[in-house]
Each structure stands twice: as C-alpha cells, then as structure tokens.
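This briefing describes how one protein chain is put together. Look through the sequence and the structure before reading the points below.

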Amino acid sequence: MSAPNIVTISNIFGRTAISYPGNTNPYFMLSNPIGSNHVYKIDSITLCNSNGYNAVAANVWVNDANSASNVALVYSISVPALTTLIAMDKATSFYLEEGRSLVIQSAVANGLSFIVSSIWKYFVIFSTNSVST
C-alpha cells in the first residue's frame, strides 16, 4: 500500500457525504479503496435525530480492509430526540487512508441522519508522488 505525499497535492475536491440509513445494518458511508492513491481528510461527523419521540443509539467506526478490523470512533452513543450531536469536529480530524472505510450504524431504521464534512468538506487528495508504507 502507498500513502500519497500530501505535500505535493495535485488536486483537492470538496465534498459532503450525507446518509439517512433506512435499516439498522452497518453502512459503508465513505470508502477509500486500496490502490486509490487518495487520502480523505475527515474534519467533522454530525449525527441528527429528527425522531420527535425517542433517543437513538449510533455507532461510527473506521474499517480497515487490510487487517479486517474495525476501530470505533463513536460506540453506542445516544442521540436524544430532536437533537444534533457533533461526534467529531476539526479538533479531532483524521485522514482516511487507502483500504479504509467510514462505517455508520443507527439502532433504529430511519432514526438518524449522518453528515461527514469539514470547513472545506472532506478532501480527496490525489498525488502522483507516493511513498510505500
């Protein structure tokens, strides 16, 4: 696997990923495939419970396809009814490297909406200069 040299960036694209899971299965919200030569800079993850009656539990983790492991960022956190929760902000930003995915899960179908963004959205950084890791 190679890691792009982000000092010699050739392109940056701003995007916002939005999901409203219709079931309680884990959902790969954002994937950076092995060999993509990209890095995604994740600056914030926001959860919103528009359910007017009940709290809904949420999970957010990073899946590593290389080691077949998951690392929890948010685990079983309760989002109260009619509340928005900032699970991560710019102070806790991270890079989603090749072979890793951001996975979300709501304990209730149609219970939460998830937004992944940053001030500049999430960055997809392309580079023609890579180093092996």
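The points below cover the overall make-up, the nonpolar core, one open sheet and the strand β11. The model is predicted. The protein has 14 strands and 0 helices, so that the pattern along the sequence is β at every step, from β-β-β-β-β-β-β-β-β-β-β-β-β-β.

**Overall make-up**

- The protein has 133 residues, and 41% of them are buried.
- The accessible surface of the protein is about 7000 Å², and carbon and sulfur atoms make up 56% of that surface.
- Among contacts in the protein with a separation of 6 or more, 82% are between residues 24 or more positions apart in the sequence.

**The largest nonpolar core**

- The largest nonpolar core holds 21 residues.
- The members that touch the most other members are I42, I45, V60, L96, L102 and F114.
- At least two residues of this core come from each of β4 (27–32), β5 (38–42), β6 (44–49), β7 (56–64), β8 (69–79), β10 (94–96), β11 (100–106) and β12 (113–117).
- The strand that gives the most to this core is β7, with 4 residues.
- Beyond its neighbours within four places in sequence, L102 is in contact with a list of residues that includes Y27, F28, M29 and L30. Also among the contacts of L102 are I45, V60, L96 and V116.

**An open sheet of 4 strands**

- One open sheet has 4 strands in the order β3-β12-β6-β9, and the pairing is antiparallel.
- The edges of this sheet are β3 (17–19) and β9 (83–88). Each has a single partner strand, so one side of each has no neighbour in the sheet.
- On average, neighbouring strands of this sheet are turned by 15 degrees against each other, direction ignored.
- Within this sheet, β6 and β12 form an antiparallel pair over 5 bridges. I45 stands opposite V116 in β12.
- Strands of a sheet pair through backbone hydrogen bonds, in either a parallel or an antiparallel sense.

**The strand β11**

- Why is β11 largely enclosed by the rest of the structure? Of its 7 residues, 6 are buried, so the rest of the structure largely encloses β11.
- β11 pairs with β4 in the antiparallel sense over 5 bridges. V103 in β11 is the bridge partner of F28.
- β11 also runs antiparallel to β7, and 7 bridges join these strands. S101 in β11 stands opposite N63.

Terms used:
Residues are numbered from 1 along each chain as its sequence is written. This is a predicted model: local features need pLDDT of at least 70, side-chain atom pairs count only at pLDDT 80 or more; totals for chains, interfaces and linings use all residues. Side-chain values use heavy atoms; hydrogens and water are left out. Buried means under 20% relative accessible area, exposed over 50%, partly exposed in between (1.4 Å probe, protein chains only). Contact means heavy atoms within 4.5 Å. Accessible areas come from the Shrake-Rupley method with a 1.4 Å probe; for residues, only the protein chains shown count as cover. A nonpolar core is a set of buried Ala, Val, Leu, Ile, Met, Phe, Trp, Tyr and Cys residues joined through side-chain atoms within 4.5 Å. Two strands pair if DSSP finds at least two bridges between them. Axes are lines fitted to C-alpha atoms, for helices over the stretch in contact, and angles run from 0 to 180 degrees between N-to-C directions.
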